[in-house]
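Open the model in a viewer and keep a selection prompt ready. The stops below go from one selection to the next.

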Amino acid sequence: MGLKNIKNIHRSAFLGEACGIATQYYYFAWTGQELIHFPSKMSVSDAGVFYYDETILFPSEHKGDPTMIYKKIVEGENIDDNLDEPNYKETKSQKKYTWDGKTLSELIEMR
């Protein structure tokens, strides 16, 4: 996935496949000697009420800084129950992680 000193990324999934039941993915990086827990991701929705989705982007996917992993988060909430089609208020955010070839760290952005 474009990360230095990583031979494989393994992903385990627990699938919710029903309204309101989360699907969770757990990522582990294998260095050839050590298994390292990487950021996980989750998605869940309840038809017409809300949704929450996380996406993990590794360097080979975002084509940017080879030390960065991004977690993009999208949340939506229906703000009008009286409509035939949901009217979602959407919020987007992002978490950043850095990999130095040995250690994964979450970057905390100062505001």
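**Starting at Tyr88**

Select Tyr88 to begin: its relative accessible area is 32%, so Tyr88 is partly exposed. That class lies between buried (under 20% relative accessible area) and exposed (over 50%), with a 1.4 Å probe and protein chains only. The model is a predicted one, in which local features need pLDDT of at least 70 and side-chain atom pairs count only at pLDDT 80 or more, while totals for chains, interfaces and linings use all residues. Numbering runs from 1 along each chain as its sequence is written, and side-chain values use heavy atoms, with hydrogens and water left out.

**Aromatic rings**

A pair of aromatic rings is described by the distance of the centres and the angle of the planes. Here rings of Phe, Tyr and Trp (its six-membered ring) pair if their centres lie within 6.5 Å; planes under 30 degrees apart count as stacked, over 60 as edge-to-face and the rest as tilted. The structure holds five aromatic pairs.

Show Phe38 and Phe58. They make a stacked pair, 6.5 Å centre to centre with 25° between the planes. Phe38 is in the loop between strand S3 (35–37) and S4, and Phe58 is in the loop between S5 and helix H1 (59–62), so labelled because helices (H or I, at least four residues) and strands (E, at least two) are DSSP runs numbered from the N terminus. The two residues are 20 apart in sequence, and both are buried.

Now add Tyr51 to Tyr88. This pair is edge-to-face, at 4.9 Å centre to centre and 75° between the planes. Tyr51 belongs to strand S5 and Tyr88 to strand S7 (residues 88–99), 37 residues apart. Tyr51 counts as partly exposed because its relative accessibility is 21%.

Next, select Tyr27, Phe38, Phe58 and Trp99 together: they form one aromatic cluster.

**The core**

Which residues form the largest nonpolar core? Select Leu3, Ile6, Tyr25, Tyr27, Ala29, Ile36, Phe38, Ile56, Phe58, Ile69, Tyr97 and Trp99, twelve residues. A nonpolar core is a set of buried Ala, Val, Leu, Ile, Met, Phe, Trp, Tyr and Cys residues joined through side-chain atoms within 4.5 Å. S2 and S7 are the elements that give two or more residues to this core, and S2 gives the most, with three.

Centre on Trp99. Leaving aside neighbours within four places in sequence, Trp99 is in contact (heavy atoms within 4.5 Å) with Leu3, Lys4, Ile6, Ile36, Phe38, Thr67 and Leu104.

**Strand S2 and its partners**

In a regular strand the side chains alternate between the two faces of the sheet. In S2, select Thr23, Tyr25, Tyr27 and Ala29 for the covered face, then Gln24, Tyr26, Phe28 and Trp30 for the uncovered one.

Strands pair if DSSP finds at least two bridges between them. S1 and S2 are antiparallel, with seven bridges; Ile9 has Ala29 in S2 as its bridge partner. S2 and S4 are joined by three bridges, again antiparallel, and Thr23 is partnered with Ser43 in S4. S2 and S3 also pair in the antiparallel sense, over three bridges, where Trp30 stands opposite Leu35. Four residues lie between the strands in the S2 and S3 hairpin, and Gly32 has a positive phi near 105°.

Staying with Tyr25, add Lys41: its charged end sits over the Tyr25 ring, 4.8 Å from the centre. The criterion is NZ of Lys or CZ of Arg within 6 Å of the ring centre and within 35 degrees of the ring normal.

**S4, S5 and S6**

Colour strand S4 (residues 41–46) and strand S5 (residues 50–57), an antiparallel pair with four bridges. Ser43 is bridged to Asp53 in S5. Their hairpin has three residues between the strands, and Gly48 in the turn has a positive phi of about 75°. Add strand S6 (residues 68–78): S5 and S6 pair antiparallel over eight bridges, with Thr55 opposite Lys72.

**Salt bridges**

A salt bridge is a side-chain nitrogen of Lys or Arg within 4 Å of a carboxyl oxygen of Asp or Glu; by this rule there are two. Select Lys71 and Glu54, joined at 3.7 Å, N to O. Lys71 is in S6 and Glu54 in S5, 17 residues apart, and both are buried.

Finish at Glu90 and Lys92, whose closest N and O atoms are 3.9 Å apart. Glu90 is partly exposed because its relative accessibility is 43%, whereas Lys92 is exposed at 62%.
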